[in-house]
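Me: Could you walk me through this structure with a few questions and answers?

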Amino acid sequence: MKEPMNLARLKAWWLAVLLLMAAGAPRALKGETTGEYDVKAAFLYHFAQFVEWPPEAFHDAKSPLIFCIIGEDPFRGALEESVKGKNVGNRLLQVHHLKGREQIADCQVLFISSGEKKHLGEDLAGAAGHPVLTVGETEHFAEDGGVIGLLVENDKVRFEINVQTAGKAKLKISSRLLLLAKTVIGNED
Amino acid sequence: MRHLAQHFSYRSPGPAATGILKRACVVVLLALSMNMFASAQAPPADLSKLSVEDLMNIEVSSVSKKEQKISQAAAAIFVITKEDISRSGALNIPDLLRMVPGLNVAQINANTWAISSRGFNGEFSDELLVLLDGRSVYIPTTSGVFWDVLDIPLEDLERIEVIRGPGGATWGANAVNGVINIITKKASATLGGMVVAGGGNQTQEFGTVQYGAKIGQNTDYRVFSKYLDEDHQPGLNAPDGGDGWHALRAGFRSDSQLSVSDDLTFTGDVYSAREGDITNSIQSVASPTLQETFAATNLDGGYLQADWNHRYAGGSDSTLQVSFDRYRRNDVLRETRNTLNIDFEDHFSWGGHQDIVWGLGYRFSSSTTDGDLSFSLNPPDLDTQLFSGFVQDEFALIPTRLSLTAGMKVEHNYYTGFGVMPTARLAWTPHEHQMVWAAVSRALETPSSTDTAENLTLSGFVPPVGPPVLVRIVGNPAFQNERHTAYEFGYRTQLLKRLSLDLATYYNSGHQLPTTEPEASFIETDPPPVHLVLPLQNENAMYGETHGVEIFASWKATDRWTITPGYTYEGIHLHVDPGSQDTQSVPAAEGSSPRQWARVDSHLTVVHSLAWDASANFVGRLASGAVPSYTRVDTQLTWRRGEHVSVSIVGQNLVRDEHLEFSSTADEGPSNVVKRSAYAKLTWIFTRP
């Protein structure tokens, strides 16, 4: 049978090209630079998918999942765009800009920008005891008592996770996210 | 079994299955190629659709971070980022600084620059403080900076922060008109090997070889070596200005994480250089005429620095920095200097609304010199100590809206004893994209060895009757601090998402500025023959004011094209005290910096792998020495292959070949002109993890 032979060869070609493109795609991505906060906004959206909150974090089964920004908003709208119309589980995603620290307890994700460096202690104290995923970008954020610290290394975004703080906040972080983290702090073993 | 079956059908599919597979392949391929196309054209519109792994591969520009930091500082600050550095085409730090509005950068010759901020420029411009990773590279002999031996690899720079205006409250004396803070990359950012090689008609050969790696879990390091061979520039009246030079340098940096809250960094380098210089000087008492002499000068030196940072829970931290620095310059003064520096700094928040930084510092500096008739120091050898302490408190008057920073530094120096430098800064952020700031500060410029101890023979003659006569500037052991009071006001705004504007204005009043005043003549027997000296002594008899405005905008016209225009205007009015007989210092200082300056930079990413950068820089005329205005055009074309290889072709100073940028004053050698130049550069980065 001649035809299947030809098809098999064609398929092999397709696969080879496919592999090449797949290998090429990330490289093409690497060369182009993108706004730091556009990327960080996308990270925040993903973090929400890899974290499990305790039931008491929400009023009821239909309450939205709220991303809060404290201090100056470095995203300039990119976070709203990143979560617009999306769900995590059955929960709609919302973005709130906090005016004061009293509202921290209503947030599920709290982003603390580098502008908050001087108030880091107070911001983290505001989140302590509540099931809030704190994400920051100041140096050593995860060591200083935050849950996930974002950092930029060689122009690429990396993150550190403090599982101890996460445990205190009753958050369960998926092992897949832990595998991708640059550093995991507070692991028992 | 299902798996096996799948494998089997995959290997020899029936005709129908093949068709489906083929169609699926086409769809996936199309999707992938579109994805690739999109990423090459512009970032994907919705990044949240990418996986975390893909997100981790995206290169980000930290422009917004820079803007954010700048938008919070209540000072006229400009940050040269590592992207600015790679896109400038500059091969040395002075050429990089040309892009900063409010800085006066003038090349005197191939190995010497005059750099100042807001007026008072000179080879030993003494009102600008330069720090390398927090360590002052200030030279107590002249209060200036030897820019030639600051030729660290530009690829290792993280950023350069330039603050115009007084930084005295934090950084100490001699930060009268600005601070330049050069910050190198952490060793973790330069893992792997790097080779940079290139050459051209002015910088004839240059190269850097670097390797960075990890030791164990917690330590990163890099070691590098750099070589530079610079051709001479043409003299004003001769084809060879005699200023060619070459330099070899080797250095390292290591960063260790001792514990979760302790970091230890070591940096250091050693260098050896040889550079030519033509001077006009008096060589003999018997025939005291100015003679042009060429000398090749050997320079060598190095430093070692340790920084220990400890962080406390809650965001406060302390840093201890200890450094030792040594240099020898075999020029007319033949100076050897050893300096030990210890600085401690502590930062904490207090009571919710206050952020406090305080520190203590000590410096011991020991210098030996061996000058000659034309220039020497008296005493030739000197050990000096400097003690300092500062405190700065930033408190939020209205949280996130209005904050006040009050600070003060107290220093005790060898010459003038205690000096106090206070500052108060108010920052108002009416809207997250707007900020208004105002500041009033007092700064001191403390005396240098030349101010207090120099013997600089300017000229001489043999009268028809009597002994030879020498005219000499002599140091004044009672030389005073220059005192400056600066009033500043600034405004920053993000007008549109892609357009930001930064404006700074200042009024600076200065007192006890330097002059030279004639003193009673005296007879000197050494060196023979017996001669008469007409001394002009350094005094502090000038006062006056400078004022100006500095505007800078950044416009991201498209995702691939950024245009950054800047303009500065500067006015300076000086006077001498009644009784002063100095007629030179006022016009020399007033005319040392241009009244107007303008610049525009364009950075265009033509296609993904090709970038084109260009800048045009207008610098107004200098009245002192009648240096005409000029426009300098530089351009760079960079081709990049992946992350590992890039090739650049750079043209510098393309419009006006052989233009003068500065004019020598009495105590500085003749200035040369700057020629049109071009070079090519290859950068190869390998085995980067």
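Here are some questions with short answers.

Reply: This is a predicted model, in which local features need pLDDT of at least 70, side-chain atom pairs count only at pLDDT 80 or more, and totals for chains, interfaces and linings use all residues. Residues are numbered from 1 along each chain as its sequence is written, while chains are lettered from A and ligands numbered from 1 in the order in which they are written.

Me: Which strand of chain B gives the most to the largest nonpolar core?

Reply: A nonpolar core is a set of buried Ala, Val, Leu, Ile, Met, Phe, Trp, Tyr and Cys residues joined through C-beta atoms within 7 Å. Buried means that 20 or more other C-beta atoms, placed from the backbone, lie within 10 Å of the residue's own. The largest core has 64 residues, and Leu96(B) and Trp113(B) are among those that touch the most other members. With five residues, the top contributor is strand (a DSSP run of E, at least two residues) β22 of chain B.

Me: Where do the buried residues of helix α4 of chain A lie around its axis?

Reply: The helix (a DSSP run of H or I, at least four residues) α4 of chain A spans residues 120-127. Its buried residues include Leu120(A) and Leu124(A). Because they cover an arc (of directions from the helix axis to the C-beta atoms) of only 155°, they lie on the same side of α4(A).

Me: What phi does Gly129(A) take?

Reply: Gly129(A) comes just after α4(A). Its phi is positive, at about 85°.

Conventions. Buried ≥ 20, exposed ≤ 12 C-beta atoms within 10 Å, placed from the backbone.
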